[in-house]
Structures are given as C-alpha cells and as structure tokens.
Amino acid sequence: MLTVRLSRPLSKLPGKTPSFSDRENGTRRTLLFSSSSSVPVGRRTYADTVNPVGSKALLVTGCDSGFGFSLAKHLHSKGFLVFAGCLLKDKGDAGSKELDSLKSDRLRTVQLNVCKSEEVEKVVELIRSSLEDPEKGMWGLVNNAGISTFGEVEFTSMETYKEVAEVNLWGTVRTTKSFLPLIRRAKGRIVNISSMLGRMANPARSPYCITKFGVEAFSDCLRYEMHPLGVKVCVVEPGNFIAATSLYSPERIQAIATKMWDELPEVVRKDYGKKYFDEKIATMETYCNSGSTDTTHLWIAHRPRKTHYQY
Ligand SMILES: NC(=O)c1ccc[n+]([C@@H]2O[C@H](COP(=O)([O-])OP(=O)(O)OC[C@H]3O[C@@H](n4cnc5c(N)ncnc54)[C@H](OP(=O)(O)O)[C@@H]3O)[C@@H](O)[C@H]2O)c1
C-alpha cells in the first residue's frame with residue numbers, strides 16, 4: 001500500500017477562481033444573487049413575507065465563494081443582518097474582502113472554519129453579543145460550507161471519506177448544535193444546503209453522496225424535534241451548478257487525481273490500469289463548465305411551507 005500523501009488536504013486543493021469575478025472580460029461584476037430589483041414586481045418571495053427583516057440576524061457558512069457568497073449578498077439586499085462565515089477571512093481571501101468592501105453594518109464577515117469547534121464557538125459569542133436582544137435569539141442559520149470530491153470506492157482513501165464528511169456532515173452538525181440555543185429562542189429556521197446527490201446515489205461520487213445523505217437524515221431528524229418548538233428546518237437540494245461555483249476546477253480535479261493515483265493500493269492500480277483511471281478523470285473534467293450558471297432562483301422560494309427545495 002502506498003502511503004504517499006500530498007501535504008495539502010482536499011479542502012486546500014485549488015478551487016475555481018471565485019465566481020464573482022468575470023474572467024472572460026477581465027471585469028469584476030456581481031452575480032449569482034437576486035437583489036430585490038431582479039424579483040419580478042408582484043411576485044411575493046419568502047424573504048418579502050418576513051417583516052420587518054431589519055433586526056433579523058442570520059449566519060451563512062462558506063461565504064468565500066459560490067452559493068454562500070451570493071446568498072450573503074442576496075440576504076443583505078433584502079435587509080437582513082447577515083453574518084458571513086468565511087473560511088479564509090484571516091488570510092485575506094478575495095471573497096471576504098469583496099463582502100467587506102460593501103462597508104455595511106448589516107453584512108459582517110467572520111472567520112469560520114466549520115471543522116473547528118473553537119472558531120464556531122467564537123462566532124456564536126460574537127453574534128450573541130451583537131444581537132439587539134440576545135434573549136430573543138437569532139433568526140437563521142444556513143449551513144452552506146462544503147467541499148466535493150470524486151472517485152470510485154476503490155479509488156477513495158479513508159482519509160478522503162473522513163475529510164469530506166468533516167466539512168459537509170460534521171461541520172453542519174457542529175455548527176447547528178452550537179447555534180440551536182439562539183435559533184430556538186427566536187423560533188427561527190435552519191437551512192441546510194444538501195444536494196440532489198443527497199437523494200440519489202451516483203457512481204464515483206460516494207465520498208460526497210454519503211455526506212449529503214447524512215445531511216438529509218440529520219435535517220429530517222432535527223425537523224421532527226424542532227417542529228413542536230416552532231423552529232423550521234429546510235434543506236435545499238441543488239442540482240448541477242458547477243459552472244457557477246468554485247466546487248470544481250480543472251486544476252482541482254487534476255490535483256485530486258494525482259493524489260488519488262499516488263495513493264492507490266498496488267492491486268487496484270494494476271487491476272484497473274492507468275488508461276481506465278485517466279478516462280474517468282477526463283470525464284470528470286468535462287463537468288467543470290457544466291450545469292446552470294444562474295443561481296438566482298435558489299434563493300427565491302415561493303412556497304414557504306415546503307421543507308425540501310430542489311433546483
Ligand atoms: N455547485 C453545485 O453544483 C452544487 C450542487 C449541489 C450542492 N452544492 C452544495 O452547495 C454548497 C456550496 O458549494 P458551492 O457550489 O457554492 O461551492 P464553493 O464555491 O466551493 O463554496 C463552498 C464554500 O465553502 C467553503 N468551505 C470549504 N471548507 C470549509 C470549512 N471547513 N469551513 C467553512 N467553509 C468552508 C469554501 O471556502 P474556500 O472557497 O475558501 O475553499 C467555499 O467558500 C456546498 O455544500 C455544496 O456541496 C453545490
């Protein structure tokens with residue numbers, strides 16, 4: 001068994017250039033969020049039905065890029081007090097800088113790695129002390145932070161299974177548990193970003209699927225427990241928005257592939273062969289620009305009584 005390890009864990013492998021930067025024409029533009037001006041007149045959105053929103057505080061995790069980044073801006077545009085958890089705020093990542101550049105009292109970036117209990121607890125305290133009345137709690141939590149990977153079961157190391165679960169599943173559970181006292185007091189809501197792969201198994205995606213199936217199970221159990229307490233628990237199950245976010249890039253796929261091949265047990269390498277392996281990686285690379293680039297509708301729910309939102 002090979003024990004070669006890359007020094008950089010999966011979560012640190014290169015992502016796509018942040019999606020809020022338009023690389024083609026070299027300009028910076030804001031996209032992937034629906035501001036109030038993009039909502040057709042006369043169409044009531046869920047956020048519109050919440051009145052007033054001014055003092056309603058939310059935390060969104062994973063706001064450095066992708067859905068989290070766009071959602072933080074969208075919720076801010078709707079008038080919420082938004083705490084945007086950024087994995088790399090301390091390192092001055094472009095995503096948190098872009099959010100900070102709005103210079104709004106209602107959009108505050110916070111350093112947050114959902115795998116680190118001490119960072120989660122620090123954010124709980126920061127939000128608690130920022131609330132107008134902490135006794136009344138906090139209105140919402142969106143567990144969005146996530147990473148993805150691919151590979152057949154035989155190609156996937158235990159380390160990889162654990163690493164993806166640490167962010168997607170245990171990060172969601174950890175953050176939820178820490179914020180529940182505040183959310184309960186407000187009879188607020190928890191929104192977990194799952195995936196269509198949280199319902200549907202797929203070959204070569206087991207390390208991701210099992211975490212999202214776990215998020216679905218956790219959300220369903222929590223919903224039963226919280227229903228009598230007036231707390232709403234929803235899941236959002238996006239389909240393919242790979243082109244719109246930083247989940248995959250050709251560089252990330254190549255880095256994962258190199259690490260995976262280096263770590264494969266000799267018997268697996270020999271039985272499957274490099275040709276088969278390379279074909280799988282090539283297929284994966286074709287997904288990089290696939291899927292919808294418009295995430296606007298993700299954040300505009302028209303049926304507030306629903307608990308599962310599929311896009
Ligand atoms: N894009 C899709 O097609 C799709 C489909 C279904 C579900 N989803 C789900 O949607 C969610 C958002 O993903 P995305 O597509 O928007 O991809 P993304 O652009 O890569 O966003 C994920 C964010 O989570 C952050 N993150 C990673 N590890 C973290 C950690 N330990 N603590 C806190 N934040 C962390 C990432 O930070 P860095 O950028 O600094 O690494 C990134 O900002 C994920 O849960 C994903 O599974 C996406």
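## Reasoning from values to terms

Me: Lys187 lies in the loop between H6 and strand E5 (189-193). Why does Lys187 count as exposed?

Reply: In this predicted model, Lys187 has a relative accessibility of 52%. The term exposed requires a value over 50%, and therefore Lys187 counts as exposed. The backbone of Lys187 also deserves a remark, for its phi is positive, at about 50 degrees, although the residue is not a glycine.

Me: Phi of Ala204 is also positive. Where is Ala204 found, and why is Ala204 called partly exposed?

Reply: Ala204 is found in the loop between E5 and H7, and its phi is near 65 degrees in a residue other than glycine. Its relative accessible area is 25%; since buried means under 20% and exposed means over 50%, a value in between is called partly exposed, and Ala204 is therefore placed in that class.

Me: What makes Ser77 partly exposed, and how far is the C-alpha atom of Ser77 from that of Leu107?

Reply: Ser77 belongs to helix H2 (residues 66-77) and has a relative accessible area of 28%, which lies between the limits of 20% and 50% and therefore makes Ser77 partly exposed. Although Ser77 and Leu107 are 30 residues apart along the chain, their C-alpha atoms are separated by 9.6 Å.

Me: How do you know that Leu58 is buried, and which residues does Leu58 touch?

Reply: The relative accessible area of Leu58, a residue of strand E1, is 4%; buried means under 20%, and Leu58 is therefore buried. Once residues up to four places away in sequence are set aside, Leu58 touches Leu75, Phe80, Leu81, Val82, Phe83, Met138, Trp139 and Gly140. The C-alpha atom of Leu58 is also separated by 7.6 Å from that of Val142, a residue 84 positions away along the chain.

Me: Why are H5 and H7 called roughly parallel, and which residues meet between H5 and H7?

Reply: H5 and H7 pack at an angle of about 30 degrees, and their axes are 9 Å apart. Because angles under 35 degrees count as roughly parallel, the two helices are given that description. The crossing in which H5 passes H7 is right-handed. On the H5 side the contact is made by Tyr161, Val164, Ala165 and Asn168, which meet Ser206, Pro207, Tyr208, Ile210, Thr211, Lys212 and Val215 in H7. Sorted by class, this contact of H5 with H7 has seven nonpolar, three polar and one charged residues.

Me: Which residues of H5 are buried, and against which helices do the buried residues of H5 pack?

Reply: Thr160, Tyr161, Glu163, Val164, Ala165, Val167 and Asn168 are buried in H5. These buried residues pack against H6 and H8 as well as H7.

Me: What makes H8 roughly antiparallel to H9?

Reply: The axes of helix H8 (residues 250-263) and helix H9 (residues 266-286) come within 10 Å and cross at roughly 170 degrees. An angle over 145 degrees counts as roughly antiparallel, and H8 is therefore described in that way with respect to H9. Pro250, Ile253, Gln254, Ala257, Met260, Trp261 and Asp262 in H8 meet a set in H9 made up of Arg269, Gly273, Lys274, Phe277, Ile281, Met284 and Glu285. By class, the contact of H8 with H9 has eight nonpolar, two polar and four charged residues.

Me: Which residues touch the most other members of the largest nonpolar core, and which elements each supply at least two residues of this core?

Reply: The largest nonpolar core has 31 residues, and those touching the most other members are Leu59, Ile127, Met138 and Phe179. At least two core residues each are supplied by strand E1 (57-60), strand E2 (81-86), helix H4 (117-130), helix H5 (158-168), helix H6 (170-186) and helix H7 (206-226). The largest share, five residues, comes from H6. Beyond its neighbours within four places in sequence, Ile127 is in contact with Leu59, Phe83, Met138 and Phe179. A second core, separate from this one, has 25 residues and includes Phe67, Leu107, Ile193 and Val236.

Me: How many helices and strands are there in the protein, and what percentage of its residues is buried?

Reply: The protein has nine helices and seven strands, and buried residues make up 52% of its 311 residues. Among contacts between residues at least 6 apart in sequence, 76% join residues at least 24 apart.

Definitions and conventions:
Residues numbered from 1 in each chain as written. Predicted model: local features only at pLDDT ≥ 70, side-chain atom pairs only at ≥ 80, totals over all residues. Heavy atoms only, no water. Axes fitted to C-alpha atoms, helices over the stretch in contact; angles between N-to-C directions. Helix = DSSP H or I, 4+ residues; strand = E, 2+ residues; numbered from the N terminus. Parallel < 35°, antiparallel > 145°, perpendicular 65-115°, else oblique. Contact = heavy atoms within 4.5 Å. Nonpolar A, V, L, I, M, F, W, Y, C, P; charged D, E, K, R; others polar. Core = buried A, V, L, I, M, F, W, Y, C linked by side-chain atoms within 4.5 Å. Buried < 20%, exposed > 50% of the residue type's maximum accessible area, 1.4 Å probe, protein only. Left-handed = near helix turned anticlockwise from the far one by under 90°.
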